Amino acid sequence: MNPTNPSALAHDFMQQGYSDDCPIIDTHTHYGPYQGAYLPVMPHEKMLHALKRAGVTKALCSSHEAILGDVDFGNAMTQQAVDREPDLFLGYWVVNPRYSDAMQRLISDYENTRGFVGFKLGPEYHTYPLDGPRYAPALEYANEHRLIVLIHTWGGSAFDSPQQVATVAERYPEVALLMGHSGFGDFETSVRVARDYEHAYLELTCVYSAHDFSMLPAGSSTPVQLASSLHVNGIIEYMVEHASSNKIVFGTDMPWYSPHFAAGAIMFARIDDEARKDICYRNAEGLLERVRPTSAA
Ligand SMILES: [Zn+2]
């Protein structure tokens, strides 16, 4: 036992890289190549290996291509990944508001998928506001079918700020809204949104990392001013204290970030093992019980 960390789960992770008592459901992963970036664990087998060695039992995923390139080609790529590993991957269908005349078709195409549990929205990538009318048909559909919707969110963004999440949370009470990156940089507002809306969740991708996002060329591009440094130590404790461990889900942006880095941040946060289990798998399990994956023949 590590004398500085009495957690039995942390002990398991330190010893073997995973814990049988704490499987991981990663609610934010991507699939396939990313133009202009070398991602060492992107190839299928390497991704499987990296997920398995951290005890990830389910990975909710969308292809990079669907978000950043050809949405139809990219969604088909996600479908292929799900078909290839139906016990591991669950799909997020991407809708792109920049093709508003295709929105309705994209939504009906969703009904012809297998193993999808909801939508992934990237308002900042598509430079279209989350609370704008072009997203409404997808969010209405998600509300009607009680889907999971993972949204890229960023503090201070004109497109997907936590304040805009609150607006859609108000409109669509049946959608499980996952705030990707927990509105990075404006954690206080995100935590309030997760506390105030039963169906809004904080998703941890890159929350625990110390990055200078002002250096990124696109996407997560709204410059974030963190109070004193780029470090966000203590953020998981802050979320648990103010929003509760029931409102936080595990995520990595895999293959960008390692599930072990994220697991380490959770295992070494000053929270108890029950809270760690909530974050690593229980909350996601609860969400997956609400939504039946698509099952077109
Ligand atoms: Zn992502």
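In this predicted model, a good place to start is the pairing of strands S5 and S6: S5 and strand S6, residues 176–184, lie side by side in the parallel sense, joined over six bridges. One of the matches across this pair is Val149 with its bridge partner Leu177 in S6. To get from one strand to the other, follow helix H7, residues 162–171; S5, H7 and S6 together make a right-handed β-α-β unit.

Now look at S5 itself. This strand spans residues 148–154, and seven of its seven residues are buried. Its side chains alternate: Ile148, Leu150, His152 and Trp154 point one way, while Val149, Ile151 and Thr153 point the other way. Both sets are buried, so keep an eye on what covers them as we move along.

On its other flank, let us turn to strand S4. Four bridges join S4, residues 116–121, to S5, and the two run parallel. The chain passes from S4 through helix H6, residues 136–145, to S5, in a β-α-β crossover that is right-handed. Along this pair, Lys120 stands opposite Leu150, and Leu121 stands opposite Ile151. Six of the six residues of S4 are buried, so this strand is largely enclosed by the rest of the structure. S4 also has a link to strand S3, residues 89–94: four bridges join the two, again running parallel. Tyr92 has Gly118 in S4 as its bridge partner. Here the chain crosses from S3 through helix H5 to S4, and this β-α-β crossover is right-handed.

Back on the S6 side, the pairing goes on. S6 and strand S7, residues 200–203, pair in the parallel sense over three bridges, and Leu177 has Ala200 as its bridge partner in S7.

Step back, and these pairs become parts of one sheet. Eight strands form an open sheet with parallel pairing, in the order S1-S2-S3-S4-S5-S6-S7-S8. S1 and strand S8 (248–249) stand at the edges with a single partner strand each, so one side of each has no neighbour in the sheet.

What about the helix that connects S4 and S5? The buried residues of H6 are Ala138, Leu139, Tyr141 and Ala142. Seen down the helix axis, they fall within an arc of 160 degrees, so they line one face of H6. The reason such a face can form is general: an α-helix has 3.6 residues a turn, so residues three or four places apart point the same way. The cover over the buried residues of H6 includes helix H5 (103–110), S4, S5 and H7. Just after H6 comes Arg146, with a positive phi of about 55 degrees.

Several of these pieces meet around Val149. Leaving aside neighbours within four places in sequence, Val149 is in contact with Gly118, Phe119, Leu121, Ala142, Val175, Ala176, Leu177 and Leu178. Val149 also belongs to the largest nonpolar core, which has 87 residues; Val149, Val165, Leu177, Leu178 and Tyr201 touch the most other members. The largest share of this core, six residues, comes from helix H11, residues 273–290.

Helix H11 is also the place of Ala284. With 27 C-beta neighbours inside 10 Å, Ala284 counts as buried, because 20 or more is the cut-off. Setting aside neighbours within four places in sequence, the contacts of Ala284 are Ile25, Thr27, Val249 and Phe250. The C-alpha atoms of Ala284 and Lys247 are separated by 9.7 Å, with their positions 37 residues apart along the chain.

For a contrast, visit Ala37, in the loop between strand S1 (24–31) and helix H2 (44–53). Ala37 has 10 C-beta neighbours inside 10 Å and so counts as exposed. Its C-alpha atom and that of Trp256 are 219 residues apart along the chain, yet separated by 9.7 Å.

Finally, consider the whole protein, with its 11 helices and eight strands. Of its 297 residues, 49% count as buried. Among contacts with a separation of 6 or more, 75% are between residues 24 or more positions apart. The C-alpha atoms fill a box of roughly 60 × 40 × 35 Å along the principal axes. The radius of gyration is 18 Å, which agrees with the value near 19 Å that a compact globule of 297 residues would have.

Notes:
Residues are numbered from 1 along each chain as its sequence is written. This is a predicted model: local features need pLDDT of at least 70, side-chain atom pairs count only at pLDDT 80 or more; totals for chains, interfaces and linings use all residues. A residue is buried if 20 or more other C-beta atoms lie within 10 Å of its own, exposed if 12 or fewer, and partly exposed in between; C-beta atoms are placed from the backbone. Two strands pair if DSSP finds at least two bridges between them. A crossover is right-handed if, with the strands pointing away from the viewer, the path from the first strand over the helix to the second runs clockwise. The arc is that of the directions from the helix axis to the C-beta atoms. Two residues are in contact if their C-beta atoms, placed from the backbone, lie within 7 Å. A nonpolar core is a set of buried Ala, Val, Leu, Ile, Met, Phe, Trp, Tyr and Cys residues joined through C-beta atoms within 7 Å. The radius of gyration is taken over C-alpha atoms; the globule rule is 2.2 Å times the number of residues to the power 0.38.
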